[in-house]
Amino acid sequence: MNKLPEPKQPEKLIDDKGLRIDGRRLDELRPIKLEVGLLDKADGSAYIEQGKNKILVAVYGPREAHPKHIAMPDRAVIRCRYHMAPFSVDERKNPAPSRREMELSKVIRESLEPVVLTDLYPRTTIDLFIEVLQSDGGSRCAGITAASLALADAGIPMKEMVAACAVGKIEGKLALDLSDAEDKYGEADIPVALVPNAGLVTLLQMDGHLTLSEFEQGFTMALEACKTLHAMQREVLKKKYATIKEAAEEREEAEVVA
Amino acid sequence: MDMVLVAEPKQVVAPGEVLAEGDHLLGDNAYRIGTKIFSACVGILEVDGNRVFVVPLKGGYFPRVGDLVAGRIVDIGLSGWLVDIRAPYEAMLPASETPGPRGPRRRDLSTSYEVGDMVLAEVLAFDRTRDPLLTVKGPGLGKVASGRVVEISAAKIPRLIGRKGSMISMLKKETDCQITVGQNGVVMVWGKSPESERVAVEAIYMVEREAHTRGLTDRIREMISRSRVVEQVAGTQTA
Amino acid sequence: MSATPQLPPVAKLEQKTVVDLVSKGKRIDERGPENYRPIQIQVGLIEKANGSAQVHLGKSKVLAGIKVQTGTPFPDTPDEGVLTVNAELVPLASPSFEAGPPSEAAIEISRVVDRGIRESKAIDMKSLVLQKGKTVQVVYVDIYVLDHDGNLIDASSMAALAALVNSKVSKMEVKGDEVINKGGHHQLPLNNYPVAVTFAKVDRTIIVDPSLEEEQVMNARLTVTIDKNGDICAMQKGGLYGFTPDEVRKAVHMAVGKAAENRARIMAAAKG
């Protein structure tokens, strides 16, 4: 039976043992589950669970630009829609796009633009749909991590995948991958996206209060977490396609034995 | 300079994965930063001499001049037809690229092809600045009047054809069907019976699902002969 | 949906000129990479607003107006007033602005300026409460972009802050169950003075305060908002490419000094 979350302010965000409300250490990521190629009609798709975040991403494209006037003559246009389901948060969210969703759609698109080889598909669009089915802090970062997988799953040529993670400050201490309560009652939040080979930061936002040295520490922490997530992305992709190989080979062996 | 392979050939690689280091030649879906060569897609690493490339496991159809494609008429324009060839661009088949009389005695376009018709065509022209142009002037090209239409990922077509056509020849022979493979992932199948067409269609989907596995040709051959046995048994029972 | 923006209508030759100059440490208007364009700030031009300020940043012009009115608090913060920041890119400001609902660019400016003010706790939100849970003061910060020649975020941030410093609010009193205007005014109490500093990366050079021409060729941009103590209260990266971690660190360090310079200008203009 689903237990409805209790949206009241927690007494403490960090306990005497230095553990957070969900039992994590300050430098620990939430449990992450990544899946690729789960939708039938989309050209590419991916699903991520990060803590209580549940986010589904679909990619359509490259496809003909509709309406034609949005097309660019020498590259594909990337369109991105970050949208939250009404039931995804504590207080039902109106399904109409909010200003926050519009801003997030923009920064997410800008985090992925640098890696997609858009020059190969002039006059087309590559459409990314990010649906947040359940939100618990850090959804834009989880969305970017999943969106990279969905783009790869669609077979769209890209230099590499982009991984994203946020670091925040709670009760004066820097903490990795804030949950919603930690973000709400904490002192700062820094979402970061990294393109590891190129060494480029393609998403960087911050709100709250940080000294320069706190920012420096937190920023470095986030970059390291991005590298960890990037390795997970690669593993998921390779595993997905390797299993097709293995399943067929197992069948072959079974038939030979029979 | 030393040329070193970092990833294993014939294995799955992901975008951004290091494939090799050194002076290799770059083939499809491989790019270089400094001395390192990276993959630009999810695919199988292939090495041909000192050329490194990645065969994508997924991806839509990107037209090339000379390709044989099977497409569906979606609209009739002033001077030709718009054809859906499952590419990011809609293709155009001009009336001038169909066999038949020219000039005022030419019949109204809608009497040649209708919306919804399937056509086998060749890509006549395509570049970055314009949509693909098709022609049906050529042997075996034109409207397709019958048969099954099978749509698979264009990335799997090379596997469906096989080395020197080995896979497709086997399929045609074992299923006793006529099969025309469009480079755009659309395959036309004609069989002597609905049963044999069904087996051929099933075999084509199996190739798509298991394209990058060993022993595929044998497994498909077995699947087809098993279906034939079932058919025969069913046939004798009703006889 | 957010879509890759169309290319700006600038010839490639012009773009190349801007890029080449920047890589040599010069800019098309002869500034250094770390210099702002000339800044002019005027306050109090709109008498009907509680506070107002106009900023000229080079040729960019932004007008901010503050209205303070009574309203209801948000249900989850009954003991706080309300702050809302809205930026409009009105069509007269640029051939590329169209009439209609706010574009993602307008929304981004609004939210970045909002973050600076909110996160730095510039306005004491608790001081805006008249009747807890029932009546509070709502501070509307409306930013009107009048001429777009680049770096609208910084111009908007400066205009908003100057307008807030300039703002007078009516003295309100709670008598029994009612809230009434007591008569007279006091300055809107402010506890912090956040200033946004925006950098652009052109090829591999980081420059501050990009003009429109520079924005049209830039790789990416980074806004860092610094409060009166030299601490960071907001950041926002924008643009189609990215920054290396070291470029980020360099920009953050540079932002502190630049913010202080601009803060001094704002305070001088708003108080004078």
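In this predicted model, chain A contains 4 helices and 9 strands. Read from the N terminus, the elements of chain A follow the order β-β-β-β-α-β-α-β-β-α-β-β-α. Its radius of gyration is 20 Å, close to the 18 Å that the globule rule gives for 258 residues, so chain A is as compact as a globular protein of that length. Along the principal axes, the C-alpha atoms of chain A occupy a box of roughly 60 × 60 × 40 Å. Buried residues make up 53% of the 258 residues of chain A. Of the contacts in chain A between residues at least 6 apart in sequence, 70% connect residues at least 24 apart.

**Sheet and strand pairing**

Strands of chains A and C meet in an open sheet of 6 strands with mixed pairing, in the order β1(A)-β2(A)-β3(A)-β5(A)-β4(A)-β1(C). The edges are held by β1 (32-36) of chain A and β1 of chain C; each has a single partner strand, so one side of each is left without a neighbour in the sheet. Within this sheet, strand β2 (residues 44-50) of chain A pairs with β3(A) in the antiparallel sense over 7 bridges. One of the residues involved is A:Y47, whose bridge partner in β3(A) is A:L56.

**Helix α2 of chain A and the nonpolar core**

The 15 residues of α2(A) should span 21 Å at 1.5 Å a residue, and this agrees with the 20 Å between the end C-alpha atoms of the helix. The helix is mostly covered, with 15 of its 15 residues buried. Just after α2(A), A:G155 adopts a positive phi of about 75°.

The largest nonpolar core comprises 206 residues, and those with the most contacts inside it are A:V192, C:A159 and C:A162. Leaving aside residues up to four places away in sequence, A:V192 touches several residues of chain A, including A:A164, A:A166, A:V201, A:L204, A:F219 and A:C226.

**Contacts between chains**

Of the 2 pairs of chains in contact, chains A and C share the most contacts. This contact draws 32 residues from chain C and 35 residues from chain A. On the side of chain C that touches chain A, the elements giving two or more residues are β1 (2-3), α2 (104-119), β13 (232-238) and α5 (245-271) of chain C. Among these, β13(C) gives the most, with 7 residues. By class, this side of chain C has 15 nonpolar, 9 polar and 8 charged residues. The strand β13(C) also pairs across the chains: strand β9 (residues 200-210) of chain A and β13(C) run in the antiparallel sense over 4 bridges. In this pairing, C:M235 of β13(C) is the bridge partner of A:M206.

In the other contact, 29 residues of chain A meet 28 residues of chain B. At least two residues of the side of chain A that touches chain B come from each of β3 (53-64), α2 (139-153) and α4 (212-257) of chain A. The largest share, 10 residues, is supplied by α4(A). This side of chain A divides into 14 nonpolar, 4 polar and 11 charged residues. Chains B and C do not touch, and their nearest C-alpha atoms are 16 Å apart.

**Backbone geometry**

Most residues other than glycine have a negative phi, and most peptide bonds are trans. The table lists departures from this pattern.

| Site | Feature | Angle |
|---|---|---|
| A:G61 and A:P62 | cis peptide bond | omega about -5° |
| A:H66 and A:P67 | cis peptide bond | omega about 0° |
| C:E30 | positive phi, not a glycine | phi about 70° |
| C:K121 | positive phi, not a glycine | phi about 55° |

A:P62 belongs to strand β3 of chain A, whereas A:P67 lies in the loop between β3 and β4 (77-84) of chain A. In chain C, C:E30 is placed in the loop between α1 (12-23) and β2 (39-43). C:E30 counts as exposed because it has 8 C-beta neighbours inside 10 Å. C:K121 sits in the loop between α2 and β6 (129-131) of chain C. With 15 C-beta neighbours inside 10 Å, C:K121 counts as partly exposed.

**Surroundings of C:T70**

C:T70 is part of strand β4 (residues 60-71) of chain C. Having 16 C-beta neighbours inside 10 Å, C:T70 counts as partly exposed. Not counting residues up to four places away in sequence, C:T70 touches C:L130, C:T135, C:Q137 and C:V179. C:T70 and C:L188 are 118 residues apart in sequence, and their C-alpha atoms are 14 Å apart in space.

Note on methods: Residues are numbered from 1 along each chain as its sequence is written. Chains are lettered from A and ligands numbered from 1 in the order in which they are written. This is a predicted model: local features need pLDDT of at least 70, side-chain atom pairs count only at pLDDT 80 or more; totals for chains, interfaces and linings use all residues. Two residues are in contact if their C-beta atoms, placed from the backbone, lie within 7 Å. Ala, Val, Leu, Ile, Met, Phe, Trp, Tyr, Cys and Pro count as nonpolar, Asp, Glu, Lys and Arg as charged, and the others, Gly among them, as polar. Two strands pair if DSSP finds at least two bridges between them. The radius of gyration is taken over C-alpha atoms; the globule rule is 2.2 Å times the number of residues to the power 0.38. A residue is buried if 20 or more other C-beta atoms lie within 10 Å of its own, exposed if 12 or fewer, and partly exposed in between; C-beta atoms are placed from the backbone. A nonpolar core is a set of buried Ala, Val, Leu, Ile, Met, Phe, Trp, Tyr and Cys residues joined through C-beta atoms within 7 Å. The expected span of a helix is 1.5 Å times one less than its number of residues.
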